[in-house]
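Let's take a walk through a protein model together, one feature at a time. Have the sequence and the 3D view open as you read.

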Amino acid sequence: MTLTLQNPLDMHLHLREGAMLDSVLPFTAQAFSAALVMPNLKTPITTTDLALAYKKQILESATKSGYTDFMPFMSIFLTPSLDKNELQKAKLNGIRILKLYPKGATTGSENGVSEILDDKTLEVFALAQKLGFILSIHGESNGFCMDREFEFLRVFKHIATNFPELRIIIEHMSDRRSLEVIESYENLYATLTLHHISMNLDDVCGGMLNPHHFCKPMLKTKKDQQALLQAALNAHPKVSFGSDSAPHLESAKLSPKGAAGIFSAPVLLPALAQLFEEHNKLENLQAFVSDRAFGIYGLDSANIPQKSVRLVREPSIVPSKINIPFHNMGDIVPLFADKILQWRLD
Ligand code: NCD
Ligand code: ZN
C-alpha cells in the first residue's frame with residue numbers, strides 16, 4: 001500500500017546553522033516542499049539582511065545534499081528595538097512572518113519581548129497589520145509551566161481584538177483550552193506538532209525521566225493530547241502542521257541544564273501516516289500537512305517547489321542517533337529512536 005502527499009509543508013522548523021544545519025536539513029528537504037524556518041539562532045535573525053544570508057546558507061546546504069526542490073520561508077525575530085523601516089524592507093524581500101518570543105520563554109529567546117502589550121510593541125503590530133505580515137507567537141507566560149499557554153491566551157485575545165486584520169498564529173498549540181480561542185477569533189490560527197498529538201506528560205516523566213521528550217511548551221495532559229489529536233485528525237480548518245523539530249546535541253539534552261526541544265524531522269510523515277491510519281483518518285492527512293497551510297498563510301503554489309511525496313506501508317526502524325561528523329561534534333537523538341514505524345518514505 002502506498003500514499004502520496006502533494007507539497008507537504010512544515011510551518012514551524014528549527015534548522016540551526018553550519019554542521020548541524022547540514023546534518024538535519026536533508027530530513028526535511030526530502031519530505032517537504034517548504035518549511036517556515038525559525039529565527040532563534042545564536043545571533044537571532046532580526047533583520048532582512050540576516051534573514052536573506054540565512055536563506056542562502058540553507059539553500060546552499062540543501063543543494064550540497066542534492067535537494068534543489070526545497071524552499072525555506074524566512075521569518076524575522078521581533079525584538080523591542082525592531083526598526084519600522086526594517087519591516088518594510090522585509091516585505092519588499094518577500095518575508096511575511098514576524099516571530100514573537102516572550103523574553104526567556106524558550107531556547108534562544110533571550111532577545112525576546114518582555115512587555116508584549118506596551119506602546120512600542122503595539123506600534124509594531126499596527127505596522128505588521130498594515131503591511132500584511134503574519135504574527136507567529138510562542139505564547140507562554142512565565143507562570144506555572146503547565147498553565148503557561150492558557151495564561152497567555154489573554155494576550156492573544158487582546159492582540160486579535162485590537163488588530164482584526166492581522167493574522168496571528170498560536171505556535172505549537174499544546175493546551176486544549178486554546179482550541180476554543182482559535183475558534184472564537186477569526187484572525188487567530190495555530191500550528192500543531194507531531195509530539196503534542198502523540199504524547200503527553202507521562203512520556204516525559206511518567207516512568208523514568210525522558211529528556212528527549214522535554215520541549216517548550218511542555219507536553220500536557222492526556223485530555224489535551226486527545227483534543228489536539230482530534231483537531232489534527234479532522235484537519236481543523238484553523239490549524240496547520242508545524243513540527244517544531246528542534247535539534248540539540250545529545251550532550252546538551254542530557255546535561256544538567258537539559259535543553260528543551262524534540263528532534264522530530266526524521267520521522268514526521270511516516271509517524272503521522274501511522275497515527276492517521278490508526279484512527280481511520282488517512283484521508284485527512286493531505287489537508288493537515290499541506291492544504292490548511294496554503295489557505296491560512298495565503299501561499300501560492302506557483303511559488304513553491306512542486307513535490308509528490310510517496311509513503312510506503314512497510315515497517316521501518318528509526319535510527320538511534322544521527323551523527324554530526326564535523327569535528328566529531330556529537331549525536332542528535334531523534335523522536336521515536338529505535339522504534340518501528342509502520343510507514344516509510346519511498
Ligand atoms: C525550540 C528550540 O530548541 O529552538 N525548543 C523547543 O523546546 N521547542 C524553541 C521553541 O520553539 O520553543
Ligand atoms: Zn520552535
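## A strand with two faces

This is a predicted model. Start with strand E7, which covers residues 134-137. Ile134 and Ser136 point one way from the strand, while Leu135 and Ile137 point the other way. Are these four side chains buried or exposed? They are all buried. That fits a general pattern: in a regular strand, side chains alternate between the two faces of the sheet.

Strand E7 has a partner, strand E6 (residues 97-100). The two run parallel and are joined by four bridges. If you look for Leu98, you'll see that it stands opposite Leu135 in E7.

## A three-stranded sheet

Now for some antiparallel pairing. Three strands line up in the order E1-E11-E16 to make an open sheet, and their pairing is antiparallel. Why is one side of E1 and of E16 left without a neighbour in the sheet? Strand E1 (2-6) and strand E16 (344-345) stand at the edges, and each has a single partner strand, so one side of each stays free of a neighbour there.

Strand E11 spans residues 308-312, and two bridges pair it with E16 in the antiparallel sense. Leu311 has Leu345 in E16 as its bridge partner. In general, strands of a sheet pair through backbone hydrogen bonds, either parallel or antiparallel.

## The zinc site

Next, find the zinc ion (ligand 2). Which residues coordinate the zinc ion? His12 and His14 each do so through NE2, and Asp244 does so through OD, at 2.0 Å. The zinc ion has four donor atoms, with angles of 92 to 136° among them, and the site is irregular. The cut-off explains the label: four donors count as tetrahedral if all angles lie between 85 and 135 degrees, and the angles here reach 136°.

Along the chain, the donors of the zinc ion follow the spacing H-x1-H-x229-D. Two of them link distant parts of the chain, as His14 and Asp244 are 230 residues apart. His14 sits in the loop between strand E2 (9-13) and helix H1 (18-31), and Asp244 in the loop between strand E10 (239-241) and helix H10 (250-254). Both His14 and Asp244 are buried.

## Empty spaces inside

How many cavities of 30 Å³ or more does a search of the whole structure find? It finds two. The largest cavity holds about 130 Å³ of space. Its lining has 17 residues, and His14, Thr106, Lys216, Asp244 and Ala246 lie nearest the centre. By class, that lining has four nonpolar, nine polar and four charged residues.

The second largest cavity holds about 50 Å³. Among the residues lining this cavity are His212, Ala246, His248 and Phe263. Eight of its lining residues are nonpolar, three are polar and one is charged.

## The largest pocket

The largest pocket has a volume of about 530 Å³. It is lined by 20 residues, and Arg16, Asn40, Lys42, Thr107 and His248 are the closest to its centre. The lining divides into nine nonpolar, six polar and five charged residues.

## One last residue

Finish with Lys84, which belongs to helix H3 (residues 84-92). With a relative accessibility of 35%, Lys84 counts as partly exposed. Lys84 and Ser174 are 90 residues apart along the chain, and 32 Å separates their C-alpha atoms.

Conventions:
Residues are numbered from 1 along each chain as its sequence is written. Chains are lettered from A and ligands numbered from 1 in the order in which they are written. This is a predicted model: local features need pLDDT of at least 70, side-chain atom pairs count only at pLDDT 80 or more; totals for chains, interfaces and linings use all residues. Side-chain values use heavy atoms; hydrogens and water are left out. On a 1 Å grid over the protein atoms alone, a cavity is a set of points where a 1.4 Å probe fits but cannot get out, and a pocket is an open set with protein on both sides within 12 Å along at least five of seven lines; lining residues have an atom within 4 Å of a point. Grid points are joined across faces, edges and corners, and a volume is the space filled by probe spheres set on the points. Ala, Val, Leu, Ile, Met, Phe, Trp, Tyr, Cys and Pro count as nonpolar, Asp, Glu, Lys and Arg as charged, and the others, Gly among them, as polar. Donors are N, O and S atoms within 2.8 Å of the metal (3.2 Å for Na, K and Ca); water is not among the atoms, so sites may look incomplete. Four donors count as tetrahedral if all angles lie between 85 and 135 degrees; four count as square planar and six as octahedral if opposite donors are over 155 degrees apart and all others between 65 and 115; anything else is irregular. Buried means under 20% relative accessible area, exposed over 50%, partly exposed in between (1.4 Å probe, protein chains only). Two strands pair if DSSP finds at least two bridges between them.
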